[in-house]
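Let's take a walk through this chain together, from its overall surface down to a few individual side chains. Here are the sequence and the structure to keep beside you.

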Amino acid sequence: MKKVLTVLLAIALLAAGGFGAYRFWTHQRAAAAPSYEVAEVVRGTLVSTVNATGTVAPDQEVVLVFKTPGRVAEVFVSEGQTVEAGDLIATLSSDDLQLALAQAETTLAIAQAQRAKLLAGPSAEDLAVAQANVESAQANVESAKAALESAQRAYENLVRGPSEDQKKVAAANPERARILRDQAQAAYDQVAGAPNVGMLPQSLQLQQATIDYEAALANYRQVTAPPTQAQLAAAQAQIAQAKAALAQAQAALVAAQANLERLQRGPSAEDLAIAEAQVLQAELGLQQARLALQNSELRAPIAGVVSQLSIKPGELATQATPAAVITAVDRFHMTVQVDEIDIGKVREGQEVRITLDSAPQAEIVGHVDFIAPTPTRPSNVVSYKVVVAIDRSDHPLRSGLSATANIITEELRDVLVIPNRSIQVDRTSGRTFVERLVNGQPERVEVQLGARNELQSQVISGLQQGDQVVIGSSGAFDRVRQSFFGG
């Protein structure tokens, strides 16, 4: 019985030892199994990019305003409508502008006609009329001279008084009237006693003779009396009036002669210059009137879509309020900010692959169109504005879409590349390493790298095509830990 127990105990010990050995070697085999990925060193194309975010914007977007204020007459478009360059958007009330234009056209026509007449020279009729005016003016001068001489003689006669003969003639008239009166008186005396003497002819004859005598005496006294101050003043006024008339007639003669000479001579350089200036002034006035009328019309300067419309018929439009916004929808761009660290890699003309937040799968391509020469400093971060022109795309674009611009700064073809995840960096020395599989075991190898992007790096030395490198190796410490402590 004791031997049986001993045998059973030995068997149990052997079983336990075997189970322990089995478990030990199972753990060893599990620990030896690789816990990492493997990547092959291959030849390929390495694309280096600089990424920046921004928004899509149209190349052209024009805000339209009326150049002059006025009442909106008509609006010919609606929001969202497609327009061509030159299409009429809206008009202002322009009745007064139409009248101003017509007046300017008339003024120009008059100025042009006057210039043409001046250049054509005087006609035969014009010369005949001018000659007749000279002759008439000369006759007026002679008539005015005669009137002046007459007024002067009258004044001299008034001052000198009547001559002796005139006095004798003036004295003879009262004497003759006295004699006739006396004869009439004698005839009247003969019938004075008649009852109806007042009805007799002798009475009437005596009255008439008496009146004639008194009139002759009054005329004699007037003729022989010296001139009064009023008479002298009136005579002097006649002389002054005659002199003024003569001066006026002489001035009219000079003007008529000058006009005749001008017609005979033809237009002078000054006359032509004045006529040309008047035509030019009228043309400028017409241009201003046309421009004012044109400014009452609002037209699309570019082809696009009416993205905003802020006016209605009857409203008052001013320069301070945009009337409409025209957005071109055929060409778009992005404006992004590139950090100072990356701006040295960016060049105008470089290809840009654009990813829309709203459509990540859309393939949109552009190119670097402009790089600002001076930086911006938002929040003390130095960056440079870069404008990316978006090439035409089948995918519909809209203003304001958020997007990422991937600027391709370098593209190397047929170079050795490895995943960035396989690269280890010694922080002390800055040297780079990878773990290359040699006979199934990772072996640390120093490598020299070139260009890189977010996923891959170029291998310059240290590896060959076909080598396998470890990605995510746990290392010797992990293998020991797994051996002693289990999975």
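## Surface and overall make-up

The accessible surface of the chain comes to about 30,900 Å², and carbon and sulfur atoms own 53% of that area. Please keep in mind as you read on that this is a predicted model. Of the 487 residues in the chain, 29% count as buried.

In secondary structure, the chain has nine helices and 20 strands. Among contacts with a separation of 6 or more, 76% join residues that are 24 or more positions apart.

## A four-strand sheet: β3, β10, β8 and β5

Let's begin with the sheets. One open sheet is built from four strands in the order β3-β10-β8-β5, with antiparallel pairing. At its edges stand β3 (61-64) and β5 (82-83); each has a single partner strand, so one side of each is left without a neighbour in the sheet.

Inside this sheet, β8 (residues 304-309) and β10 (residues 324-327) run antiparallel to one another and share four bridges. If you would like a place to start tracing that pairing, look at Leu309, whose bridge partner in β10 is Ala324. As a general reminder, strands of a sheet pair through backbone hydrogen bonds, either parallel or antiparallel.

## A second four-strand sheet: β7, β6, β4 and β9

Another open sheet of four strands follows the order β7-β6-β4-β9, and here too the pairing is antiparallel. Which strands stand at the edges of this sheet? They are β7 (297-299) and β9 (316-317), each with a single partner strand, so one side of each is left without a neighbour in the sheet.

Strand β6 (residues 88-92) pairs with β7 in the antiparallel sense over three bridges. Within that pairing, Leu88 stands opposite Arg299 of β7.

## Strand β2 and its partners

Strand β2 (residues 42-58) is worth following along its length. With strand β15 (residues 402-419), β2 forms an antiparallel pairing over 13 bridges. One position to find in the viewer is Gly54, which stands opposite Ala403 in β15.

Strand β2 also pairs with strand β11 (residues 332-339), again in the antiparallel sense, through three bridges. There, Ala57 stands opposite His333 in β11.

## Two buried acidic residues

Is Asp467 buried or exposed? Asp467 lies in the loop between β19 (456-461) and β20 (468-471), and it counts as buried because its relative accessibility is 19%, just where the cut-off of under 20% applies. A polar atom of the Asp467 side chain lies 2.9 Å from the backbone nitrogen of Gln464. Beyond its neighbours within four places in sequence, Asp467 is in contact with Ala39, Glu40, Val41 and Arg436.

Glu435 belongs to strand β17 (residues 432-438). With a relative accessibility of 16%, Glu435 counts as buried as well. The C-alpha atom of Glu435 is separated by 6.0 Å from that of Val445, although the two residues are ten apart along the chain.

## Charges over rings

Now for the aromatic side chains. How many aromatic pairs does the structure hold? The number is zero.

Aromatic rings do, however, take part in arrangements with arginine. Arg181 lies over the face of Tyr213, at 4.6 Å from the ring centre. In a further case, the charged end of Arg444 sits over the ring of Phe433, 4.0 Å from its centre.

## Two residues with positive phi

To finish, here are two backbone details. Most residues other than glycine have a negative phi. Asp414, a residue other than glycine, has a positive phi near 55°. Asp414 is found in strand β15, and at 53% relative accessibility it counts as exposed.

The other case is Asn439, again a residue other than glycine, with a positive phi near 55°. Where is Asn439 found? The place of Asn439 is the loop between β17 and β18 (441-452). Asn439 is exposed, with a relative accessible area of 78%.

Definitions and conventions: Residues are numbered from 1 along each chain as its sequence is written. This is a predicted model: local features need pLDDT of at least 70, side-chain atom pairs count only at pLDDT 80 or more; totals for chains, interfaces and linings use all residues. Side-chain values use heavy atoms; hydrogens and water are left out. Two strands pair if DSSP finds at least two bridges between them. Buried means under 20% relative accessible area, exposed over 50%, partly exposed in between (1.4 Å probe, protein chains only). Contact means heavy atoms within 4.5 Å. Accessible areas come from the Shrake-Rupley method with a 1.4 Å probe; for residues, only the protein chains shown count as cover. A polar contact is a pair of N or O atoms within 3.5 Å; within protein, one must be able to donate a hydrogen and the other to accept it, and residues adjacent in sequence count only if both atoms are side-chain atoms. Rings of Phe, Tyr and Trp (its six-membered ring) pair if their centres lie within 6.5 Å; planes under 30 degrees apart count as stacked, over 60 as edge-to-face and the rest as tilted. A charge sits over a ring if NZ of Lys or CZ of Arg is within 6 Å of the ring centre and within 35 degrees of the ring normal.
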